[in-house]
Amino acid sequence: MMDIYEMKDGKPCKTDVIKEDVWINLVNPTTEEIDTVQQALQIDREALTAALDDEEGSRTEVSQKYTLILIDAPTREWRNNREEFTTYPLSITITDTAVVTVSLQELFAITNITAGKNKNINAVNVANRSRFVLQILFRVAVNYQADLKYIEVKRMAIEESIRKATRRDDLFELHELESNLVYFKTSLSVNASVIDRLSKLSRFVSSTEDRDLMDDVIIETNQALEMTMTYSQIIKGTRQLVEADLNNSLSTIMKFLTSITLIIAIPTLVASFYGMNVSLPGADYPYTYLILTGLMVAICIVAIWRLQKRGMWR
């Protein structure tokens, strides 16, 4: 999919023509769309296809015709019948006439801009390409924080569920959240390195406003990274709590079953003696059965009482 935008009053408006000062957004583009952009802007094909490899690492490339910025942006996808968090590469190619963004699927950082949701940053303007790129990077960092907050909400819901009853599903959900945070941590660490490199390029900090926006991008990215590390430790502790609770429940059950076995062994032992084909005391007495039954009940009650005092009977 290819969308071309021109800016009017700080908001993107669609157009059908690749011209001066436009933003071209490619989402999982076809070969024909890549060829069209390549011919119109005269840039290397590798720059337009870098983000189409979901294993591509974040980096920057500077050439005479264009500047390529490749970062990881957060998104969501369905895995194991659950909405999970992951990251996908986002390439931003800056030329003298346009800005081109490429991704494998729609990213919140891009859709927020196309929808005009830019309350936290200045009005977008592709004519000032360096600032427009910084605004995209800012949105990426903000989206990381929004997803991290949602992950924390899910963790708190799981923890509340654990207080009522521990389930194996809770353990799997915590494992998924922990895996999501691993993706976030790796991506944010590399993104921070890329942004640090951009902050040293004069073309991205040519004015005071650009410097302020660059500082905001750095702060938000570092804050997202710190949140990721903090939430990762919290989820790890919660997962260990679930595992300990499951082990404790299993231990309690086994202890109770062992106690039951000991109690049952008492009447079984007495009955076994009187089931033998030998003469035993009281075998001919008509009330021996009642006496033995009462004796076994009394012994079982005393045994249960002793087990309760030792905490081995619940």
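**Exercise 1. Determine which residue of E5 stands opposite Thr60, and then describe how E4 and E5 are joined and paired.**

Solution. Thr60 stands opposite Ile69 in E5, where E denotes a strand, taken as a DSSP run of at least two residues, while helices are H or I runs of at least four residues, and both are numbered from the N terminus. This is a predicted model, in which local features need pLDDT of at least 70 and side-chain atom pairs count only at pLDDT 80 or more, whereas totals for chains, interfaces and linings use all residues. Residues are numbered from 1 along each chain as its sequence is written, and side-chain values use heavy atoms, with hydrogens and water left out.

The next step is to consider Arg59, whose bridge partner in E5 is Leu70. E4 and strand E5 (residues 67-79) run antiparallel and are joined by four bridges, with two strands counted as paired if DSSP finds at least two bridges between them. Finally, the connection from E4 to E5 is a hairpin of four residues.

**Exercise 2. Follow the pairing from E5 to E6 and state the number of bridges.**

Solution. Strand E6 (residues 82-94) pairs with E5 in the antiparallel sense, over 13 bridges. Within this pair, Pro74 has Thr87 of E6 as its bridge partner.

**Exercise 3. Establish the strand order of the sheet and explain why E2 and E4 have a side without a neighbour.**

Solution. The sheet is open and consists of seven strands in the order E2-E1-E3-E7-E6-E5-E4, with mixed pairing. Because strand E2 (11-15) and strand E4 (59-62) stand at the edges and each has a single partner strand, one side of each is left without a neighbour in the sheet. From one strand to the next, the twist averages 30°.

Helix H1 (residues 31-41) packs on this sheet, touching strand E1 (2-8), strand E3 (22-27) and strand E7 (98-103), and its direction makes about 155° with that of E3. Here a contact means heavy atoms within 4.5 Å, and the angle, on a scale from 0 to 180 degrees, is taken between N-to-C directions of axes fitted to C-alpha atoms, for helices over the stretch in contact.

**Exercise 4. Place the sheet in the whole chain by giving its element order and its buried share.**

Solution. The chain comprises seven helices and seven strands, which from the N terminus run β-β-β-α-α-β-β-β-β-α-α-α-α-α. Of its 314 residues, 41% are buried, that is, under 20% relative accessible area with a 1.4 Å probe and protein chains only.

Note on methods. Buried < 20%, exposed > 50% of the residue type's maximum accessible area, 1.4 Å probe, protein only.
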